[in-house]
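User: I'm new to this one and would like a close look at a single part. Could you walk me through the place where two of the chains meet?

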Amino acid sequence: MDILNPAFWVFVGVVAGIYGLLALALYVQFSMAGLPNFGHVAFMALAAYTMALLVIRADVALVWAGVAGIAAAVALGLLLGIPSVRLRANYLAIATVAGSEMIRYLSTNLNLTGGAVGSVGMLGPTHFATYTNAWQPFIESITAALRHAVGSVATTDFSMFCLVWVTLGLLLMLFRRLERSPWGRVMKAIREDEEAAASLGKHVEAYKLQALVLGGIVGGLAGILWALEIGVFSPDDFQPTLTFYAYLILILGGMNRVWAIPVGAVLFGVLYSGTRFLSFFPLSLVDTGERAYLRLLIVGLVLVLLMAVRPQGMFGKREELLLEK
Amino acid sequence: MTEHALLVDGIVRRFGGVRAVDGASFTVQDGSITGLIGPNGAGKTTVFNIISGFLRADGGAVTFRGRRLDGFPPHRIAQAGLVRTFQAPRILTRMSVLENLMLGGVKQPGERFALACLLGSASRREREVREEAMAVLDLLRLTHLAPAYAGTLSGGQRKLLELGRALMAAPRLLLLDEPLAGVAPALADQLLDHVGTLRKHRGMTILIIEHDMEAVMSICDWVVAMDQGRVIASGTPRQIQTNERVIASYLGTVAAAHV
Amino acid sequence: MLNEWHMGSLLLQLIYNGLVEGAILALTGLGATLVWGIQRVANFAHGDYMTLGAYVAFLLDVTWSTNPVVAAIGTVVATAALAVGLHFILLRPLRGRGLVALSLITVGLGLVLRNALFLVAGSQPRQYAFNQTAVIDLGFVRVAPAELWTGIAAITAVPAVAAMLAWTPLGKTMRAVADNRDLAEISGIDTDGIGLYVWIVAGALAGLGGAMLALVQGTFDPNLGFNVLFLILTVVVLGGIGNAFGALLGGLVLGVVMEVSTWPPFFGGVPTQYQPVVGFVVLILLLMFRPQGILGRARVL
């Protein structure tokens with residue numbers, strides 16, 4: 001694809017925004033409450049599957065199916081979180097990995113979820129199942145309205161781009177406000193030393209559960225937007241590595257700075273989509289099939305190097321990170 | 001002044017086969033400063049952990065102002081007015097000194113998610129808490145450090161900050177675990193002054209674990225001595241200083257160490 | 001009658017397979033638990049160390065046609081060297097960063113190793129130079145030559161490793177440090193220097209386990225080890241983090257449970273593709289009810 005084609009960059013923007021949402025969901029749990037979720041992608045997958053299944057198999061209206069999808073993601077967060085909030089952090093990491101792997105295995109192997117084929121196979125191999133019938137007219141109407149405002153740049157992807165980034169922007173503002181509130185102060189204290197917080201009368205478990213729920217809501221939202229953007233999905237769209245892309249975005253942005261998430265998301269979007277669709281030297285040396293591996297290799301390398309050399313990200317203060325707990 | 005603020009009745013705690021606390025009983029009178037002394041390993045900190053809910057007792061009861069508190073989680077105990085400090089201060093190093101103090105503030109509606117969404121940091125209570133925190137900083141003479149990361153403070157300053165944070169939590173009974181350990185002498189005097197002032201001006205009851213005998217004898221009205229998980233004596237500082245069992249198990253060694 | 005006899009022999013077969021797979025999980029899980037307990041790293045690249053072992057063995061066995069024993073030794077040496085190298089270059093300089101940060105680094109490391117293998121060795125399935133169709137009758141079970149080799153490797157390696165842990169000074173030291181690092185430090189053990197030996201053991205066992213897994217599966221690609229990573233982490237938690245004997249036992253138990261769960265008389269048998277789900281269910285139940293592991297003591301978490 002042409003690097004100067006605006007349609008390409010709009011798509012990159014959508015991808016970046018959705019990963020930004022996933023990173024924000026992770027931020028609530030990890031950066032704010034200190035809960036390391038290593039299987040965050042399961043929230044996205046479960047929400048997307050729940051929504052698609054309800055629309056396709058139970059004829060539920062898209063809006064309610066979406067709400068149910070988010071509710072399912074929250075339920076998963078609580079299911080994995082409730083036994084783990086009392087445990088040391090590393091156990092939660094393992095529990096979340098196990099939970100997300102379970103969702104992946106089930107979605108790949110059940111007939112209900114369309115198996116490896118994914119959403120199009122939800123009514124069996126002979127039907128072509130789709131969940132976007134109600135979505136298309138909605139997004140088209142937004143596109144039409146936008147076309148009045150900005151002209152021919154407005155495509156469906158452009159509408160999606162606006163939708164995703166407005167959502168992300170509003171949520172970022174909300175979380176920034178939350179972070180500076182007394183609520184955010186308690187969260188921060190729990191992340192730093194939960195016994196100290198408890199000794200001052202703060203109900204640590206209740207706050208951790210709130211973080212799990214919030215992370216589930218935002219993660220589920222990311223999954224639903226992603227499903228609506230790509231139109232059909234399969235288990236491959238929710239690879240476990242997605243969670244670590246979100247970590248990478250957080251690290252790019254410095255882990256503890258919420259406003260750095262969009263910057264990290266854009267950088268990641270360019271890095272990721274750039275290596276996927278563009279073909280210039282030296283990328284042209286690697287053939288298209290192998291480029292996926294190269295892309296993941298680069299992601300891994302950046303993750304290692306950033307964690308090793310610049311754990312505070314682009315904006316963080318190193319001294320802050322190195323203050324002993 | 002005969003009312004009991006705190007009644008500890010026969011608490012037991014085992015670790016593996018060891019009885020760290022073996023039926024300890026004592027009372028803390030309302031408005032008193034009570035010292036808890038004893039050699040290392042006597043079970044003092046374990047008693048503290050049980051009172052403050054960080055450890056569950058295997059037996060016995062803890063009653064605070066007529067209310068059974070044993071088995072309650074730590075945050076409920078703190079909310080009941082029983083606030084503790086830790087032997088190694090547990091300050092929040094990557095938060096500012098001011099934030100550390102404000103965290104301690106009680107009755108903050110903004111700590112609830114829904115209100116936090118609506119108000120953020122702009123509320124009347126938040127301003128009040130900030131003022132309270134500044135007043136405490138003033139009292140502790142740490143005002144100039146308000147915006148600094150707590151992690152940059154010295155050991156003694158950390159102790160002061162933790163004391164201040166506990167004060168923010170509006171304690172009716174303050175549990176201090178070795179507040180003077182590792183604190184420079186000048187700062188230690190300041191700390192002792194604060195503790196005395198708290199009782200006098202705020203009517204606070206204080207239970208204090210401390211190894212500095214001179215300090216204990218000078219500020220405490222009542223002293224409880226422990227050894228091997230049990231209370232071996234309790235009385236006024238003068239009585240304790242002359243109690244033979246206490247001298248044999250503890251004061252003797254302290255005296256020897258000071259020669 | 002015939003059916004019952006058939007079910008009985010099937011069960012024996014499943015137990016044999018389960019023990020072999022369990023031995024693989026036990027050996028790799030042991031390495032991972034020592035690394036976690038002593039080095040304070042939940043190594044998300046452990047599976048990729050295994051994969052690398054499988055490819056080194058492939059190189060020695062197929063490309064250079066050495067005999068299986070030489071291939072096994074070469075593999076073990078290569079992965080141990082890799083693990084030690086990464087320890088000194090990457091992980092040791094970053095110690096003290098906290099478990100989550102170090103684990104994230106190993107996630108990135110795993111991505112690099114796995115995808116480098118994809119680029120270098122290709123994604124096509126590979127297999128060793130064993131006759132895959134031959135059958136050897138051992139009386140109670142019938143096995144392919146590859147299964148016989150892995151069985152032999154399992155019944156030599158597991159007891160050997162257990163003996164090493166139980167009786168050698170190195171084994172005792174490693175267990176002491178994994179059990180209580182602070183106490184070990186006070187007792188004068190060089191808890192930093194022991195990292196070298198921990199990674200030698202973990203790397204060697206990962207390589208051996210990887211080659212064995214590749215043999216058992218018949219064919220493999222660069223996702224080989226990553227696919228079982230979460231089972232290995234399950235073994236670590238199952239045995240209690242840092243508990244060496246726990247990991248050995250946990251691995252064997254998990255291997256057998258997963259295989260036997262497919263036995264038809266057992267609730268009709270779990271379909272094979274859901275085998276890993278059995279593992280995850282075990283893990284989640286364990287985290288809920290016994291987070292200290294099967295052999296672990298209840299500690300303040």
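Analyst: Here's a look at the interface of chain C and chain A, followed by a few salt bridges found elsewhere. Keep in mind that this is a predicted model.

Let's start with who touches whom: 37 residues of chain C are in contact with 40 residues of chain A. Together the two chains bury about 3,700 Å², and 82% of that is on carbon and sulfur atoms. What about charged pairs across the interface? The rule finds zero salt bridges between chain C and chain A. Residue pairs in polar contact, with both at pLDDT 80 or more, also come to zero.

On the chain C side, helix 4 (99–121), helix 9 (224–239) and helix 11 (275–289) each supply at least two residues that touch chain A. Helix 4 of chain C gives the most, with 15 residues. Sort the residues on this side of chain C by type and you get 31 nonpolar, five polar and one charged.

So where do salt bridges turn up? Over all chains, the structure holds 20 of them. One joins the side chains of A:E194 and A:K208, at 2.9 Å from N to O. Since A:E194 lies in helix 8 of chain A and A:K208 in helix 9, this pair ties together parts that are 14 residues apart in sequence. A:E194 is partly exposed at 34% relative accessibility, while A:K208 is buried at 4%.

Chain B has salt bridges too: B:D22 pairs with B:R230, with the closest N and O atoms 3.0 Å apart. That links strand 2 to strand 10 of chain B, with the two residues 208 apart.

Key. Residues numbered from 1 in each chain as written. Chains lettered and ligands numbered in written order. Predicted model: local features only at pLDDT ≥ 70, side-chain atom pairs only at ≥ 80, totals over all residues. Heavy atoms only, no water. Contact = heavy atoms within 4.5 Å. Buried area = accessible area lost by both parts, 1.4 Å probe. Salt bridge = Lys/Arg side-chain N within 4 Å of Asp/Glu carboxyl O. Polar contact = N/O pair within 3.5 Å; in protein donor to acceptor, adjacent residues only side chain to side chain. Helix = DSSP H or I, 4+ residues; strand = E, 2+ residues; numbered from the N terminus. Nonpolar A, V, L, I, M, F, W, Y, C, P; charged D, E, K, R; others polar. Buried < 20%, exposed > 50% of the residue type's maximum accessible area, 1.4 Å probe, protein only.
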